[in-house]
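Welcome, and please open the model in your viewer with the selection panel at hand. We will go from stop to stop, with something to pick at each one.

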Amino acid sequence: MNKAFKGFTVRGLKIDIKPERKEVQPRRIHVGMEAAHDPKIPRFEVERREIKSRPLSVNPNFPMVTASFCSLRLIRPLLLSLCFADGPHVQDAAAQVAMFFAWLMSFAGILGALLITSGIQQWVDAHPGVPEQVKAHLEPVALALLALALACEILHQVIAIGSWEYFWSTGIVDSSSDDSESKIPLAFMLILLHVAGLLGAMIIVIMYARAYKATW
């Protein structure tokens, strides 16, 4: 006598259990880079844009800043010539060359800053008596003078390192003179002016280097 039950069959004393079979459905899983194509995931792209600087000729602050800085740079050479005319630095050739570059830097910077102003360029363009060659070369001459001023400043600072006792110390004071003690505070002030000139030149170069390049 055979009787069928759920999940097994009885045949006498022998019991056979039949396991249930389930159908397996394959599924595809996206892993790795394929998941990045999902439209629901936001994507970001970095775009590089070049920042354009204004030329020096249309920058209203550059002529005033540069001319003022170069004018203030004349304070140290003037004080050195007036108060330490007989100092030990007079006999040092390197110190004299460094001071020559300091004077030249100031005059070239002031002249270059004045020539690159928009007011002078507009006056030259509107004046009928100015030759066309002068009008065309006015801005390049101004840029060349500014480059000359920077080169003179670099040479001045490099030579000053070699003659450090006359620029970074009080070596300009003649110890054999009667008023040597009274001139030491003034010598320290000249050291501060030298450091301020170096820092000021570095700041101006950092601020207007891109604009100078854009002017060319």
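Which residues make a nonpolar surface patch of about 320 Å²? Select Leu 150, Ile 154, Val 158 and Val 205, and you have the patch in view. Before going further, please keep in mind that this is a predicted model.

**Stop 1: the patch and its helix**

Now colour helix α5, residues 132-162. This helix gives the nonpolar patch its largest share, three residues. One residue to label on helix α5 is Ile 154. With a relative accessible area of 47%, Ile 154 is partly exposed, because it falls between the 20% limit for buried and the 50% limit for exposed.

**Stop 2: a salt bridge from the same helix**

Stay on α5 and select Glu 153, then add Arg 73. These two form a salt bridge, and their closest N and O atoms are 2.9 Å apart. The pair ties together distant parts of the chain: Glu 153 sits in helix α5, whereas Arg 73 lies in the loop between α1 (61-72) and α2 (75-83), 80 residues away. Are the two partners buried or exposed? Glu 153 has 5% relative accessibility and so counts as buried. Arg 73 is buried too, at a relative accessible area of 6%.

**Stop 3: the largest pocket**

Next, switch on a surface and look for the largest pocket, which has a volume of about 360 Å³. To centre the view, select Phe 62, Leu 146, Leu 150, Ile 204 and Val 205, which are the closest to the pocket's centre among its 18 lining residues. Leu 150 and Val 205 should be familiar, as they also belong to the nonpolar patch of the opening view. Colouring by element helps here: α1, α3 (93-115), α5 and α7 (180-215) each give two or more residues to the lining. Which of them gives the most? That is α7, with six residues. Colour the lining by class as well, and you will find 15 nonpolar residues, two polar ones and one charged.

**Stop 4: along α7**

Keep helix α7 selected and pick out Leu 192, which is found there. Leu 192 counts as exposed, because its relative accessibility is 61% and the limit for exposed is over 50%. Now draw a distance from the C-alpha atom of Leu 192 to that of Arg 76. The two C-alpha atoms are separated by 9.6 Å, although the residues are 116 apart along the chain.

**Stop 5: a second salt bridge**

The structure holds two salt bridges, and the one still to visit joins the side chains of Lys 183 and Asp 179, at 3.7 Å from N to O. How does burial compare here? Lys 183 has 18% relative accessibility, so it counts as buried. Asp 179, at 35%, counts as partly exposed.

**Stop 6: the cavity**

Leave Lys 183 on screen, since this residue also helps to line the largest cavity. Add Cys 83, Phe 84, Asp 86, Gly 87, Ile 172, Val 173, Asp 174 and Ser 177 to complete the lining. About 40 Å³ of space lies inside, and the count of cavities of 30 Å³ or more comes to one. What classes of residue surround this space? Four are nonpolar, two polar and three charged.

Terms used:
Residues numbered from 1 in each chain as written. Predicted model: local features only at pLDDT ≥ 70, side-chain atom pairs only at ≥ 80, totals over all residues. Heavy atoms only, no water. 1 Å grid on protein atoms, 1.4 Å probe; cavity = no way out; pocket = protein on both sides within 12 Å on 5 of 7 lines; lining within 4 Å. Points joined across faces, edges and corners; volume = space filled by probe spheres on them. Nonpolar A, V, L, I, M, F, W, Y, C, P; charged D, E, K, R; others polar. Patch = residues over 30% accessible without salt bridge, like charges linked within 9 Å, V, L, I, M, F, W, Y side chains within 5 Å. Areas by Shrake-Rupley, 256 points an atom, 1.4 Å probe, with all protein chains shown as cover. Salt bridge = Lys/Arg side-chain N within 4 Å of Asp/Glu carboxyl O. Helix = DSSP H or I, 4+ residues; strand = E, 2+ residues; numbered from the N terminus. Buried < 20%, exposed > 50% of the residue type's maximum accessible area, 1.4 Å probe, protein only.
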